[in-house]
Structure formats: C-alpha cells, structure tokens
Amino acid sequence: MIICPNCQHKEISGALFCSQCGAQLVAAASPNSQKDPMTKISSHTKQKTNPKPAPPAEAGGARISLHLVESGQILPLAVRKEFSLGRVAKGQPIMPDIDLTPYKAYENGVSRLHAMLKLVNNQVAIMDLGSSNGTYVNGNRLVPNAVHLLNHGDMIHLGKLKIQILFSPDDKLN
Amino acid sequence: MSKKPDYYTLLGLRRDASPEEIRQAYFRAARRLHPDKTNSVEDTERFLEVQEAYDVLFNPKKRAKYNATLPPEKTERGLIQQKVLYSRQNVPRMKEPQLVYALIEYSATIDSSAPPAPPLNLCLVLDRSTSMQGQNMDVVKATAIQLLRRLRQSDTLSVVTFSDRAETIIPATSNVELKKLEARIQMLQTSGGTEIFQGLETGYHEVRRDLKKSHVNHIILLTDGHTYGDEEQCLELAKDAAEAGIGISGLGIGVEWNDDFLDKLASLTGGSSLYVSRPQDIQHILIEKFNKLWQVYAKESTLEFKLGEGADLRYAFRLQPEVGLLPVESPLRLGPILKDMDLKILMEFMVQPPSRHTENVCLLEGEFKVSISSQPIPVHSVPVRLSRSVVDSARLQTPPGEILKALSHLSLYRLQEQARMEVAAGEYTQASQRLQRLATHLLEQGERGLARTALLEAEHIQSQKKFTREGEKHIKYGTRDLLLPGQEENQP
C-alpha cells in the first residue's frame, strides 16, 4: 500500500500516480542522479518504519502563486511571512500588500482589507479579516479572524473573486 | 536482406510448422498468386518460388536436409520488432496486490527497398442531417473534394451520406471522371435526422465491394449528432468490419454527438476517434487522418492474449500512432503501424500476491499479428510474453522515464474519466474537486486554456449538477491529446 502525500489516498503498491489527485508518487530518474528525499514514496516495507504520512501541503521551500481564474493570470508571491489581500480605494490610506483592483475586485465585492495569507509552521493559511462579503475556501465560508490551513489547488473566493492557490516546489522554478 | 527469403518466410510459417500448416499456407499463397488470377510478372515469379518451397517443405526428407542449410532461427530478422518497458524490474513478494505497467512498442524494420504505402480503399460516411447545415456542410464538401483530387491512381474512395436513410453518392470505383464526382458532392443537401447505422452499413458494403487484402480498408464516419437506438447494431457491425480487416474512425463535430459511443466504435476496429470543436477544423483534421492512412506500413495489428494467473489487465491505452483508450479484452485491435511512427501501447496490470514458490509472474501471454500489405507473403506473428520475476525484498525502483511521462498525462485523462463517472453517480462535490485538481496539474504542465475549462466545469457542476456538453468533450479530448507524441513541439 502506498499513501499519497498530497491527498492521503491509499494506492495499490506499484502505482506511479495517485488515482485521486493525480500526484506523482515516485521520483523520476533524473540524469544527474541526485537523491531527492522530498518526493520519494516508499513501498510497503518502508512505510511501516515510518508510519506518518508526509504532512499535507508543506510549503517550506515551496513558492506560492495565486491563480486568478477569471483572467487566467498567475501571480507568484515573494517569500514573506504575511500578505494582506484587498483593493486600493481612492482617497483612503489603506494599502493591502496585494492589490486586486486590476482583477475587478470592486465588482466582485472584495473588501479593502479582505483577507490575510500567512505562513504558520511552514504551512500556508488564510484568515478572513471581517470582510463584508466573506471569504470561502472550496465553497465553505470562513469564520472571520480564524486561521484556515490551505492545500495546493484550493479554490478561494473573496466575495465573488475566484483565486486558486498553487504551491510549486522550488526546483521547478530553476 | 538482399538474399531471397527462406522457404518458411516465403510461406509465412514458423520453422516448427506442421505439414498441415504448410499445406494450408501453400494453398493460400497459390490462390492469390496463381497466373490465372494475376497478370503481374512478379506474382508469377513468386508463385514459382512458393511451389518450390512447398515441394521441399512438404517432403520430410527434403525438409530436414533444407533445414540443415539454414542459419539458426535466432539470427532471422523479423519485419516487426517488439520492445517492452516495465515500470519495475521485478515484483517483490507481498501480501497485497500490486500494479505493474508495461509499455509495448512495435516498430517496422523498413529497408531501403521498402515499397510504397499500400493503396487506400476508403469510404467517407457523411452525416447530412439538418444540424449539419451551414458551415459544417460547406467545409465537409470542400474537404471531400480536396481529398478526391489528391487520391493516387491506385486509391479508391467512395462517399456515402446519411440522415434517416443512407445514399451512395460515389460508389467504390477507381478515380474516374473527377468533375462528375465533384459535382455530386457539391449537390449535397442537408435534411432529416441522424441514424448512424444506416450510413455505416452502406459504407461498409461499399468498402467490402472493393475489399482487397493488399489495400488499407477504412471507413471514416463524420457526424455531429446522437444516434438513437441503433448503437448496438453499429457496434456489431464494427466487430464484423474488424474481422474483415476494415477499420472505422469517427470524427465528431460540435458538442451533440455521443463520444463514448464513437470511441468504442473506433476502438473495436483499431481505428481512432477525433473531436472537432469548430467547423473550420474539419479540414485539417480530416486531411491529417488521410495522411496517416497514406503512411500505413503494417495494418490490422492485433494482440491476441491470455492473462497470466493472478494478473488482471485493468487499463490499456494506445499512445501512438493515434491516441485512444483500448478495450481490455482479447483480441485487442491496435490499428496500423506507420512508416515513420511506431505503435505504442501502455498497459496497467494488477498482480495478486504470488504463491510462495513462484519465481516468475506471467502478466500476459499471446501473439501479436499484423499484415504487411506490401509483403505478398503473410508475416510471422510475434509471440508476446510479459512477465516479471519475483524477489523477496522490495527495493525502491525508478521506473523508466518514458513510462512516467506517458502516465503523467494518462493520469490526467483518468481524473477526467473519474469526474465524469462521479457526475453520473450524483457525486457532484467530488467531481468538482477532482476537476480542480486536474486544473492544478494542467497549470503545472502549462496547459492554461484547458485548466481554465476544467475550473469552469468544476463550478458548473457545483451549481448545475452536470458538465456543459462543450466543456466535457473539450476536457476529455484535450487531456487525451496531451498524450500525442511530440506534443511539446507542437505547442504554439
């Protein structure tokens, strides 16, 4: 039995890709035979000695991007501990870290300070900042000012603005 | 290879053929090559050779003497080469079932004296139901005429149209009076419903009329609609066609047609199914299909097999030359091997725990058969045996890159399949989540357009409890086409 590190689905031993989420379960044979401890999933025997499945959505050494679904654009985020999401309004001195105005934030009901993305123990989390129209993760409305952990591929709605959260391992960027 | 083929090759026999097999093979060859049947000098020469071969092989004394002069069989080079890659070197002894993937590749050994591609005997079966009116029909007409002009002297093209009933517009005759034929195509009018069986049956008879072993016999069905109630009949016909050596390929235009049905129809005969989202694409897709048929080297390849004990074939997919899901039962019709493109099939096996003393698990055993039309003699079938040795300790194994790459795309196609099943079963939330995951992977692979479609569908499913018809097909064939060879280079 193999357990998918991404979605914890149990796969038949010998599977190379998770049938539930499509994640790759084995390391590829790279020409420079570097060991890659991150992605190697052991078979049955090794699993026993190390029963804990990998923590979900580890963002340590990963980079976060926001995929704006409507416009199809991807915003890679710089490496920081916290980001506020919102929109800049004329005549008001509120400056969110990420201004969503170009993505029709106002029309979609995004508050000026809508939500906060942050790193908690190396995991990415989101917190609603008491926005007027609410923050949703995969369709569930969040309680304001409470931290919610995110997974790769989660869909976030800020009001009606759709954003998909993406983690990409560092090595892919090079 | 410049030498004459040995007597066994000449008759298409194996070295261990029984006298009865030799007799049968001789009769088969003689019937085809007899001077009464053919006017070609080459055939007559071949006929004499075949007689000589029979004379020697059928006599046990002469045969033994002849065998002694032959080089050992190992050095004999087949016309078809088989290569197998496995996802793992061996199978560890475990108390649970395991998966093994095999990538089988067949390539043709073509020497410089390779003859030209075999002639086509082709029937275009065109849907002329009311819904085809307008641009669809115009492009179909223009393309049909274009193809007609490009035919080689030896090719045969027939055209059948259908709505509620079928009509032969151009019967299966060789390329004569081009102008007249063009005019007949120009006159096509749209009206009526879509009854695919009507068209398919008439097309089948046209192809049969000029059926020759040496030709590439194929039916191309163009439709834009659902057929009602005659699916079973169509599938039965496809089985007959496959037996007769006729392939069927389907082009679905727009969003209304039944993709599951067309996929199945094509896969039963080793043909392919193609999705045409916009009318203006009809032309290049159809021409590309023709070009592939003009490149055929070996045709009607078939894998007849039995599964090994405790092994189950869970999934089979043709990666090349045309992508498509295959049925998982014997015989597998795999279609042609092209001159410049090998045939590649990916299989997923589930292996039950081997018994204690087993040292080797057999996944599959059988024969790969193919007919090379330019070769007047039947080709040896290639014995196939897929197996893995059993080892006690499990070691981490890195699967070959080619398998990983194919599976990385195939797993996306399968996510899409599962999402469709979930929608059918009413599990909308799962389906929607699955499509979101699919979108994530698509983005990683740089497929933005497709990713966007997947996300929009995920949402549509949540609100409307179903796919949009357009999105459903777009995702299915979009993910399928990621498996096409050389996809990366083709990216705009």
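Me: Two strands count as paired here if DSSP finds at least two bridges between them. What is the strand order in the open, antiparallel sheet of five strands in chain B?

Reply: Some ground rules: this is a predicted model, where local features need pLDDT (the predictor's confidence in each residue, from 0 to 100) of at least 70, side-chain atom pairs count only at pLDDT 80 or more, and totals for chains, interfaces and linings use all residues. Residues are numbered from 1 along each chain as its sequence is written, while chains are lettered from A and ligands numbered from 1 in the order in which they are written. Helices (H or I, at least four residues) and strands (E, at least two) are DSSP runs, numbered from the N terminus. With antiparallel pairing, the order in chain B is β1-β3-β14-β11-β12.

Me: What does the twist of that sheet average from one strand to the next?

Reply: Start at the edges: β1 (80-86) and β12 (324-326) of chain B each have a single partner strand, so one side of each is left without a neighbour in the sheet. Angles run from 0 to 180 degrees between N-to-C directions, with axes as lines fitted to C-alpha atoms, for helices over the stretch in contact. From strand to strand, the twist averages 20°.

Me: How many bridges join β11 to β14 in chain B?

Reply: One spot to look at is Ala316(B), which stands opposite Met347(B) in β14(B). The two strands, residues 311-320 and 343-351, run antiparallel, and the number of bridges joining them is eight.

Me: At about what angle does α11(B) run to β3(B)?

Reply: Contact means that two C-beta atoms, placed from the backbone, lie within 7 Å. α11(B) lies across β1, β3, β11 and β14 of chain B, and its angle to β3(B) is about 110°.

Me: Which element gives the most to the side of chain B that touches chain A?

Reply: The contact takes 29 residues from chain A and 33 from chain B. Elements giving two or more residues on the chain B side are β3 (98-108), α11 (401-424), α12 (428-444) and α13 (448-464). With eight residues, the top contributor is α11(B).

Me: Which strand stands at the edge of the β2-β16-β15-β10-β13 sheet of chain B along with β13?

Reply: This one is an open sheet of five strands with mixed pairing. β13 (332-338) has a single partner strand, so one side is left without a neighbour in the sheet, and the same goes for β2 (90-92) of chain B.

Me: Which residue in β16(B) is the bridge partner of Asn90(B)?

Reply: β2(B) and β16 (residues 382-391) of chain B pair in the parallel sense over three bridges. Asn90(B) has as its partner in β16(B) Ser389(B).

Me: Is Lys239(B) buried or exposed?

Reply: Lys239(B) is in helix α8 (residues 231-243) of chain B. A residue is buried if 20 or more other C-beta atoms (placed from the backbone) lie within 10 Å of its own, exposed if 12 or fewer, and partly exposed in between. Lys239(B) has 12 within 10 Å, so it is exposed.

Me: Among the elements of chain B, which has the lowest mean pLDDT?

Reply: Chain B averages 85, with 92% of the residues scoring at least 70. β14(B) has the highest mean, 93, while the lowest, 43, belongs to helix α15 (residues 487-490) of chain B.
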